[in-house]
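Student: I have a model open and would like to talk it through with you, strand by strand where we can. Could you take my questions as they come?

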Amino acid sequence: MISSSQTYKADIIIGDKSPEELRLLTNILCQQGYRVRQALDGEMLSIACKTRKPDLIIVDLQLPYIKGADIGEQLRSDPITESIPLFFITSLDDSISKNKAFDYDAIDCLRKPYNVNELVSKVKLYTSYREKIKNLEGKVKQLEQQLELSELLPSKDSRLSLGILKSAIEAVHNGIVIVDATTPDYPIIYVNRGFELMTGYSAGEVIGKNCRFLQRKEIDQPGIRELRQAVADKSPCCVTLRNFRKDGSLFWNEISLSPILNNAGEVIYYIGVQTDISDRQRSQEELERSRASIKKMNQELHRLTNLDGLTGIANQRCFDETLETEWQRCSRERLPLALILLDIDFFKPFNDTYGHLRGDDCLKTVASALNRCVQRGTDLAARCGGEEFAVILPNTTADEALKVAGEIQEELKNLKITHESSRVSDRVTMSIGIATEIPQPGLSAKDLRNSADQALYLAKEQGRDRIVIYQSLINNS
Ligand SMILES: Cc1cc2nc3c(=O)[nH]c(=O)nc-3n(C[C@H](O)[C@H](O)[C@H](O)COP(=O)(O)O)c2cc1C
C-alpha cells in the first residue's frame, strides 16, 4: 500500500512473511504519513529496493531468502541495499539473533510480538533524525557547491592570472620588488629580472636586505622622507630617488610603492615598481638649462631692444612705445599724462673739454639721477639719444610733474659735476620742458611730445638751467 499523499515522511519497505502483520504495520505507518511498500520474501524485497531505494527497511530477520542465506547477509552484500538502514524484527528470543542484527548495523531489533507503539515511535524517532540528516546533507551539498563556485572558479582564474602575472612581472623592464612588512626592517623577498638589469644586483645579492642600500651615502633626499612617511601611514606613494647601481653609477629611480593588506587590515607586504628615469631626468635637466638660457637670451634681447646701451635706462624705442601705451591708458581712464624732456646744457663743449669718456660718465650719472627721482612702477626715465632725456609720468598733473623735475634739478645740482665750458654755470645743468595733457579725441601722444619739446625749447631760449611748463608757459627758472 502506498500513501496517497504526494509528500510523505519517509519511504519504508516492510518485509514479513505474515500478510496480516504486514497489513497491520502498513496501516499504522501509512496513517503516520509514511509511504510503505511490502515484501513477503527476500526476493520481493530485493526487487522493491531496486525499483526505488527506500529510506528504511523494516524486516523480519527470518524472512525467507534464496540460497539459504539470511536476509541481513543478503541486504548487506547487495550494493543497492548495503547502505539502507535496517530495522529488524525477530521471533527468535535469543541474544545470538539480536547480536546478528546489530552485526548488520541495524538501527534496532524488536522481538515479536512487538509493541506496535514502540516500533512506530522508534521509526518516528529514526525517520525524524533521518529527515534532519537529509536536510543537513542537502545544506552541506549546497555549501559545497557554493564553495566550489567561490573557490574552484577563482582558483582556476587565479591560476591563470598568476601564470600570466608571473610572466608579465618577469618580462617588464621596470624593477619590481616585494618586501616583507611583517619582518623588522622590511627585507626584500622578491625582485624581478627588471630589477636585476636596472641595478646590476642579482636577486641572490639583495634578498633579505632593505632597499636603502641603493641610496649608498645619499640618505637625506626629500623623496626618502616622503617615502618614510608613506610607509608610516600605510599609504601608497610615488617618489624619485637618486640611487646607485652595483657598479657605482648614478640613476634616477622613480619608485611607486603600494602596501598589500591582509583581511585584518594589516600591511603584510609592500610592492615597489621602479623605473629608471635617468634619461627623462637628463632631458628634463637639459630642458631646464635650455629654458634658463632662453630666459637669459630674452632678457638680453629685451635689454638690447629696450635699454640704452650706455646708461642702462630705457632707450628711445622703449620711450616711444611707453608714451603711446600710457597715452592710450590715460585716455581710457581720463587721467593726466605728464612728459618731461631734459637736455644737458652745453654738452658738446663738455665733450670737447673733457673728452668722450668723461662725457659718457656724465650721461651715466645723469641717467642714474633720473632713475632715483622716478620711483613709481608706471613712471619711466629714458635716454632719447645724445644728451637728451625724458621722463614719462602717467596720472600726474603739471604741478606734480614740476615737483619731479625740481627734484631732478636738485639731484643734479648736488652731484656737482664740474663744467668749465658751460656758459650758465660751473656745474652741469639741464634745461627742462614739461607738458601735461588729459588725452582727448583729436590729440595724440605726438602732440604731447611736441608741447614738451616746445617747453624745452623755451627753457633753452630763456637761458637754460631752468624748467618750463608748456601748459601755462610758466617760466619756473
Ligand atoms: C617596496 C619598497 C621598495 C623600495 N624601493 C627602494 C628603492 O628602489 N630605492 C631606494 O632608495 N629606496 C627604496 N625603498 C625605501 C627604503 O627601503 C626605505 O624605506 C627608505 O630608505 C626609508 O627608510 P630608512 O629611513 O629606514 O632608510 C623602498 C621601500 C619599499 C617599502
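Student: How many bridges join β9 to β10, and which way do the two strands run?
Tutor: This is a predicted model, and in it β9 and β10 run antiparallel and are joined by nine bridges. Among the residue pairs, I260 has Y269 of β10 as its bridge partner, and L261 is bridged to V267, also in β10.

Student: What about the turn of that hairpin, how many residues sit between the strands?
Tutor: The hairpin of β9 and β10 has five residues between the strands, and G265 takes a positive phi near 80° there.

Student: Which strand pairs with β10 over six bridges?
Tutor: That is β6, which pairs with β10 in the antiparallel sense; in this pairing V177 has G272 of β10 as its bridge partner.

Student: What is the strand order of the sheet they belong to?
Tutor: The sheet is open and has five strands in the order β7-β6-β10-β9-β8, with antiparallel pairing. The edge strands are β7 and β8, each of which pairs on one side only, and neighbouring strands are turned by 25° against each other on average if direction is ignored.

Student: Which helix lies across β8 and β9?
Tutor: It is α8 that lies across β8 and β9, and this helix runs at about 135° to β8.

Student: Let me pick a residue in β8: is L241 buried or exposed?
Tutor: L241, which is found in strand β8, counts as buried because it has 21 C-beta neighbours inside 10 Å, where 20 or more are needed for that label. Leaving aside residues up to four places away in sequence, L241 touches Q215, Q221, G223, I224, N253 and I255.

Student: How far apart are L241 and I224, in sequence and in space?
Tutor: They are 17 residues apart in sequence, and their C-alpha atoms are 7.2 Å apart in space.

Student: Changing topic to the ligand, which residues are closest to it?
Tutor: The closest are C211, R212, L214, Y270 and G272, out of 21 residues that surround the ligand. The elements that give two or more residues to this shell are β6 (175-180), α8 (222-233), β8 (237-244), β9 (250-261) and β10 (267-276). G272 therefore appears twice in our talk, since it is among the residues closest to the ligand and is also the bridge partner of V177.

Student: And what classes of residue make up the shell?
Tutor: The shell around the ligand has 13 nonpolar, six polar and two charged residues.

Student: Stepping back, how is the protein divided into domains?
Tutor: The protein is divided into domain 1 (11-136), domain 2 (172-281) and domain 3 (307-475). The C-alpha centres of domain 1 and domain 2 lie 74 Å apart.

Student: There is another open sheet I'd like to follow, the one with parallel pairing; what is its order?
Tutor: Its five strands come in the order β2-β1-β3-β4-β5. β2 (35-39) and β5 stand at the edges with a single partner strand each, so one side of each is left without a neighbour in the sheet. Neighbouring strands in this sheet are turned by 20° against each other on average, again with direction ignored.

Student: Which helix packs on it, touching β1 and β2?
Tutor: Helix α1 (residues 19-31) does, and its direction makes about 170° with that of β2. As for the strands themselves, β1 (residues 11-15) and β3 (residues 56-60) pair in the parallel sense over four bridges, and I12 stands opposite L56 in β3.

Student: Any backbone oddities? Which peptide bond is cis, for instance?
Tutor: The bond from K112 to P113 is cis, with omega near -10°, and P113 has its place in the loop between β5 (108-111) and α5 (116-171). For context, most peptide bonds are trans, and most residues other than glycine have a negative phi.

Student: So where does D185 sit, given its phi near 65°?
Tutor: D185 is in the loop between β6 and β7 (188-191), and its phi is a positive value in a residue other than glycine. D185 counts as exposed because it has 10 C-beta neighbours inside 10 Å, and the label applies at 12 or fewer.

Student: And K416, is that one buried or exposed?
Tutor: K416 counts as exposed, with 10 C-beta neighbours inside 10 Å. K416 lies in the loop between α13 (398-415) and β14 (430-437), and has a positive phi of about 50° although it is not a glycine.

Technical notes. Residues are numbered from 1 along each chain as its sequence is written. This is a predicted model: local features need pLDDT of at least 70, side-chain atom pairs count only at pLDDT 80 or more; totals for chains, interfaces and linings use all residues. A residue is near a molecule or strand if its C-beta atom, placed from the backbone, lies within 6 Å of it. Ala, Val, Leu, Ile, Met, Phe, Trp, Tyr, Cys and Pro count as nonpolar, Asp, Glu, Lys and Arg as charged, and the others, Gly among them, as polar. Domain bounds come from an automatic or database domain assignment. Two strands pair if DSSP finds at least two bridges between them. Axes are lines fitted to C-alpha atoms, for helices over the stretch in contact, and angles run from 0 to 180 degrees between N-to-C directions. Two residues are in contact if their C-beta atoms, placed from the backbone, lie within 7 Å.
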